[in-house]
Amino acid sequence: LAVPGRVGGCGPSVTPTAPADVPKVPDSRGDSDGPRRGSLCDRHCAAINNVQGDLGDLGCHLHRPRVLPATSTPSCCQQHSEEVCESCVVKTTLTAENAVEANKLSNNYKFGFKKWKSHVTARPWEDRSEIVKELYSDLNVIRGSGGSTLTCGNVLYLLLFGWWLSLLYVLVAAVMFVTVMGAPYGRLCWDLAGYFLWPFGKVIQKVEVPKSHQACEASARESSALLGGPTPRRWHPRCWAGTGYWHRASTAAWLCLGYPALALAHGLVCVTAWLLIVLIPVAKLSARATSRVLLLPPERVLIRRLRMTEVPLEGEVILCCYRAANPYYYKYAVDGINVFAVNLLPLVLVTLVLGYVDSPNHLTGSAVKFTLALLSIMPLSYYIGMAIASISAQSNFAVGAVVNATFGSITELTFYITALIKGSREGNRCYAEVVKSALTGTLVGCVLFVPGLCMVIGGIRHQEQRFNSRSAGVSSALLFLSVGGVFAPTLFSKVYGKLVCGECHNVTQNPLGHYLCHNCHFDLMDNNGTLYYSHVQPLVYTVSILLPAAYLIGLFFTLKTHTHIYDIHISDCHMPGHHHSAVVHWSRWRALVILLLSTLCMSACADLATEHISPILTNSTISQYFIGVTVLAMVPELPEIVNGIQFALQNNLSLSIEIGNCIAVQVCMLQIPILVLFTIFYPTNFTLVFSDLHVYASMFSVALMNYIFMDGKCDYFQGTVLVMLYFILLAVYFFAPSPSGC
């Protein structure tokens, strides 16, 4: 278990205890046969001080144990006699901002619980880094000299938006000047044309009209400069006697002729920049200009260059932008939802509308609809994951376990069940084979690709990463058990089934010679299906009962009787000035509603995907095996892969490995038994008999994974081995012939 690193905050804490496989400090005396009991505890305590880990952006502090002199005895050993010093526990305290966040961190280490990287509560502003604070700041803060404004992002803004937006302002200014009464707005648009051509290093202010000019007096003399500086080059305000801003004729002309076109243009810029993510500052700029600047009286708007300002600016600063692009906006979140998930949400609506309104495929073809439906599963998986994490963090253990067990595999099961239903209605066995390929692809991908990719990416930053080999050993043992149970009916059919071939040719032209056969498979329905119904089917039902039972035993083992394997404890921490109450992004009821709506949308998208996958399966030159093990298996797992990579970058490889292992175990011990149970009530073509390719790929992958994870440490080379093996298996599936029935 990687020891978490320093990140920030205090409050209720998750206290991971040092695992039993922490690195040992070599004995300088070289006496390995009979070390003293006291020195063993010293080495455990010293090893914890040397272990470095990082849970990263979790809003936590790591309080590392004090390094004691060589002659002193660690405090833990002072509380135990030398006879029990080997069981002495050295703790590192990981503190979260509040109890809800502490529960989420604790759930991440629990077997069977969904691992979630993002916060489920709002982080205190003072605990955030300056980079993150800048992401959420409004564009109305004047900073000191920030260097040159000639950057790649600013030039990109000029090429994408600046030139035509400025030209539009010039055209609107001409229209307003033609109306005569709208001349003040024409002058404003002329000044804004120069501003939006290159807004960087400039400021837009809302100036206050002096009280002496607010009261309508007899004179109509021109007012002086409002800020005491040089008179700005723009419309000079006069006293509008007895007339409010919204009752002016010029305002009516502006709202009818000028504002709609500019608001539409700024809306287009705002949407485009937001979708590009790194240009979100441009989206903020356009939104603020539409909602504030263009609705102010022209005499209240003042545009200045910052370098011309020698005295502090008076009045409200509306816009002040320095950079058009910021690469850190991938961290940006809206109400706790990552910006990528926010941007992909409209895709779900487009998919549902296009899929159910354009049923005859007049607007788009089946390939486009299938791709859209598959891509829509990614944001829905994210929302389901965050809802599960939010409910679990705000509930007790029993509720969290039920929610994780019920909805943890809902994404995959929804697609599998809809595909089996469609295959049963059409009498097409190809859908069942695609489901088997997707199950195998998920298992192989989560065993090889997910941990391997995390090792490679994490190994770039960290030379060697350590993880809790005992917790990984529990998942590995369950994987061995589950793979053996899932493929037991397949092995049984190979031994007792009858080999049937589609066509055979006599090579030697001799009736007793050699025959070349194609499309051979083991037939289980010989003699009216006696072998299948009397032997294979009871074995399938037995396995489907034993595998969930083994999963429950694993939960009881890791979460009840042997919780010390994960060494996670909840404690309280009260430091002056650092205690924060929990401000959750989603309450339990809100998370439950989002979870149910996301599940409903997931079912609709899965239905559309299975509805439009048939032309792809029949007309594609690519093997159906390859489509199942890649696209259908790994696309729903992309949010989990991203979580694993983030944990690995922060040197917390234990959670990265557990993400893949947990999904793989759930595939074998929950998803497959549920599919078998479903076929009892709704007969389909799904049987728990896999092809030889699936059997060999799964067993070899699990064996290699267990060998890699044996010593509790890894590097990028071992990760490369796992990833390369995964791509080799993909190549095998790519060149494999289509399964029988497709």
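## Exercises on helix packing and cores

In this predicted model, H14 passes helix H21 in a right-handed crossing.

**Exercise 1.** Describe the geometry and the residues with which H14 and H21 pack.

*Solution.* Two packed helices are described by the angle between their axes and the distance between the axes. For H14 and H21 (residues 638-649), the angle is about 30° and the axes lie 8 Å apart. Next, list the residues that meet. H14 contributes Phe449, Val450, Leu453, Cys454, Ile457, Gly458 and Arg461. Opposite them, H21 supplies Ile641, Gly644, Ile645, Ala648 and Leu649. Finally, sort the contact by class: nine residues are nonpolar, two are polar and one is charged.

**Exercise 2.** Identify which residues touch the most other members of the largest nonpolar core, and which helix gives this core its largest share.

*Solution.* The core holds 123 residues, and Leu448 and Leu632 touch the most other members. The largest share, 16 residues, comes from H14 (residues 430-461). A separate second core has 37 residues, among them Leu192, Ala193, Ala265 and Val301. Return now to Leu632 and set aside its neighbours within four places in sequence: its contacts are Phe370, Leu374, Phe415, Val434, Ala438, Ile613 and Ile627.

**Exercise 3.** Determine which residues of helix H16 are buried and why they line one face of the helix.

*Solution.* Start with the burial criterion, under 20% relative accessible area. In H16 (residues 488-496), Pro489, Thr490 and Ser493 are buried. Then look down the axis of H16: its buried residues fall within an arc of 105°, and therefore line one face of the helix.

Definitions and conventions:
Residues are numbered from 1 along each chain as its sequence is written. This is a predicted model: local features need pLDDT of at least 70, side-chain atom pairs count only at pLDDT 80 or more; totals for chains, interfaces and linings use all residues. Side-chain values use heavy atoms; hydrogens and water are left out. A nonpolar core is a set of buried Ala, Val, Leu, Ile, Met, Phe, Trp, Tyr and Cys residues joined through side-chain atoms within 4.5 Å. Buried means under 20% relative accessible area, exposed over 50%, partly exposed in between (1.4 Å probe, protein chains only). Helices (H or I, at least four residues) and strands (E, at least two) are DSSP runs, numbered from the N terminus. Contact means heavy atoms within 4.5 Å. The arc is that of the directions from the helix axis to the C-beta atoms. Axes are lines fitted to C-alpha atoms, for helices over the stretch in contact, and angles run from 0 to 180 degrees between N-to-C directions. A crossing is left-handed if the near helix is turned anticlockwise from the far one by less than a right angle, and right-handed if clockwise. Ala, Val, Leu, Ile, Met, Phe, Trp, Tyr, Cys and Pro count as nonpolar, Asp, Glu, Lys and Arg as charged, and the others, Gly among them, as polar.
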